[in-house]
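Work through the exercises below with the structure open. Each task is followed by a solution in steps.

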Amino acid sequence: MAVFTKVSLKEARELLRRLHLGELQKLRGIEGGIENTNYFVTSDQGEFVLTLFERLTAEQLPFYLHLMKHLAQAGIPVPDPRADQRGAILHTVCGKPAAVVNRLPGQSQLAPQAAHCAAVGDMLARMHLAGRGYERQQPNLRGLPWWNETVPVVLPHLTPEQADLLGAELAYQNHIAASSAYTALPRGPVHADLFRDNVMFDGEQLTGFFDFYFAGVDTWLFDLAVCLNDWCIDWATGAHHAERAGAMLRAYQAVRPLAAAERQLINAMLRAGALRFWISRLWDYYLPREASMLTPHDPAHFERVLRQRIAHPLQA
Ligand SMILES: Nc1ncnc2c1ncn2[C@@H]1O[C@H](COP(=O)(O)OP(=O)(O)O)[C@@H](O)[C@H]1O
Ligand SMILES: N[C@@H](CCOP(=O)(O)O)C(=O)O
């Protein structure tokens with residue numbers, strides 16, 4: 001669990017009052033996240049989530065918060081940031097930038113079946129289309145420039161075999177990013193971290209996408225690849241799971257069919273998605289931050305996924 005910053009009852013009570021969200025009844029630190037400090041906040045008006053942003057700055061945050069508002073207004077089930085009486089949705093708590101959103105109903109589905117993967121594919125495509133009218137711009141801050149910057153930092157911690165793989169894959173992704181097919185990929189605001197633990201379900205009914213704090217403008221195909229790499233693999237080996245992947249891809253394409261350049265680059269983007277999370281997990285593992293409760297994610301998982309993606313590309 002990650003509570004990097006402790007929020008007092010007094011501070012939470014004052015914030016709720018400022019946002020006209022009623023009287024504080026309960027404040028509980030949330031287990032599970034690794035980036036931000038999160039609390040469930042209960043008031044006489046309902047249940048909310050208070051997030052204190054530990055890495056993102058007040059300059060970066062409006063992109064995410066207004067994106068969530070934009071998507072919520074377009075009917076996509078995402079948390080809707082609450083405004084104060086001046087209309088501001090970015091607040092300050094304990095000297096850190098903070099937001100309060102509605103708590104989504106449902107639970108994470110950590111052992112998804114094909115029906116769950118189809119629901120994610122369908123809503124992901126709807127979200128991509130709904131994001132077209134969003135005007136703020138911010139790149140994916142965990143994209144290629146960050147990989148190029150971070151790989152040299154983690155390389156000294158790796159075995160020679162791992163370092164070879166990481167270096168070769170980074171070179172491959174730089175090569176892909178310079179290609180005309182890559183330039184032709186459709187793009188827009190993407191979630192970029194839509195893992196099993198960032199989606200809520202009530203049975204097979206999808207009730208929400210959340211944790212938009214890695215979102216950015218990137219290719220829609222990268223977003224789909226991140227989902228395929230998490231929802232549609234055999235967990236132990238990282239191998240592609242044909243039934244679940246087929247369900248996700250069919251549902252996505254029923255809303256937005258893939259373009260020719262996307263079909264051409266799907267394997268490259270699956271590799272990019274695996275590389276992105278291998279690098280960030282290595283970075284979190286070898287250069288950890290202080291947190292009162294924190295469980296780092298296992299970097300070896302995405303090394304396995306990457307090796308699988310290289311050895312067994314999807315057939316067209
Ligand atoms: N809007 C929300 N509605 C319901 N639960 C939420 C919401 N936001 C966060 N959570 C809960 O908090 C946990 C951690 O949040 P997350 O955004 O993943 O943290 P982090 O940004 O640190 O990775 C989630 O697994 C989920 O249980
Ligand atoms: N999904 C990423 C880590 C990002 O953390 P989150 O808790 O904000 O989703 C991973 O699995 O490495």
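The model is predicted.

**Exercise 1.** Find where ligand 1 lies with respect to domain 1 and domain 2.

Solution.
- Step 1. Start with the shell: 19 residues surround ligand 1, and the nearest are Glu35, Asn36, Asn38, Leu104 and Asp211.
- Step 2. Look for strands in this shell. β2 (37–43) and β5 (96–102) each contribute at least two residues.
- Step 3. Compare with the domain bounds. Domain 1 (9–102) and domain 2 (114–311) both give residues to the shell, so ligand 1 lies between them.

**Exercise 2.** Describe the polar contacts and the burial of ligand 1.

Solution.
- Step 1. Take the backbone first. An N or O atom of the Asn36 backbone is 2.9 Å from an oxygen atom of ligand 1, and one of the Asn102 backbone is 3.2 Å from a nitrogen atom of the ligand.
- Step 2. Turn to a side chain: a polar atom of Asp211 lies 3.1 Å from an oxygen atom of ligand 1.
- Step 3. Add the area. Ligand 1 alone exposes 550 Å², of which the protein buries 89%.

**Exercise 3.** Which residues are closest to ligand 2, and how is its shell composed?

Solution.
- Step 1. Ligand 2 is surrounded by 10 residues, with Asp193, Phe195, Asn198, Asp211 and Arg281 the closest.
- Step 2. Sort the shell by type: 4 residues are nonpolar, 3 polar and 3 charged.
- Step 3. Check the side-chain contacts. An N or O atom of the Asp193 side chain is 2.6 Å from a nitrogen atom of ligand 2; for Asp211, the side-chain partner is an oxygen atom of the ligand, at 2.6 Å.
- Step 4. Finish with burial: the protein covers 95% of the 330 Å² that ligand 2 exposes when taken alone.

Note on methods. Residues are numbered from 1 along each chain as its sequence is written. Chains are lettered from A and ligands numbered from 1 in the order in which they are written. This is a predicted model: local features need pLDDT of at least 70, side-chain atom pairs count only at pLDDT 80 or more; totals for chains, interfaces and linings use all residues. Side-chain values use heavy atoms; hydrogens and water are left out. A residue is near a molecule or strand if one of its heavy atoms lies within 4 Å of it. A polar contact is a pair of N or O atoms within 3.5 Å; within protein, one must be able to donate a hydrogen and the other to accept it, and residues adjacent in sequence count only if both atoms are side-chain atoms. Accessible areas come from the Shrake-Rupley method with a 1.4 Å probe; for residues, only the protein chains shown count as cover. Ala, Val, Leu, Ile, Met, Phe, Trp, Tyr, Cys and Pro count as nonpolar, Asp, Glu, Lys and Arg as charged, and the others, Gly among them, as polar. Helices (H or I, at least four residues) and strands (E, at least two) are DSSP runs, numbered from the N terminus. Domain bounds come from an automatic or database domain assignment.
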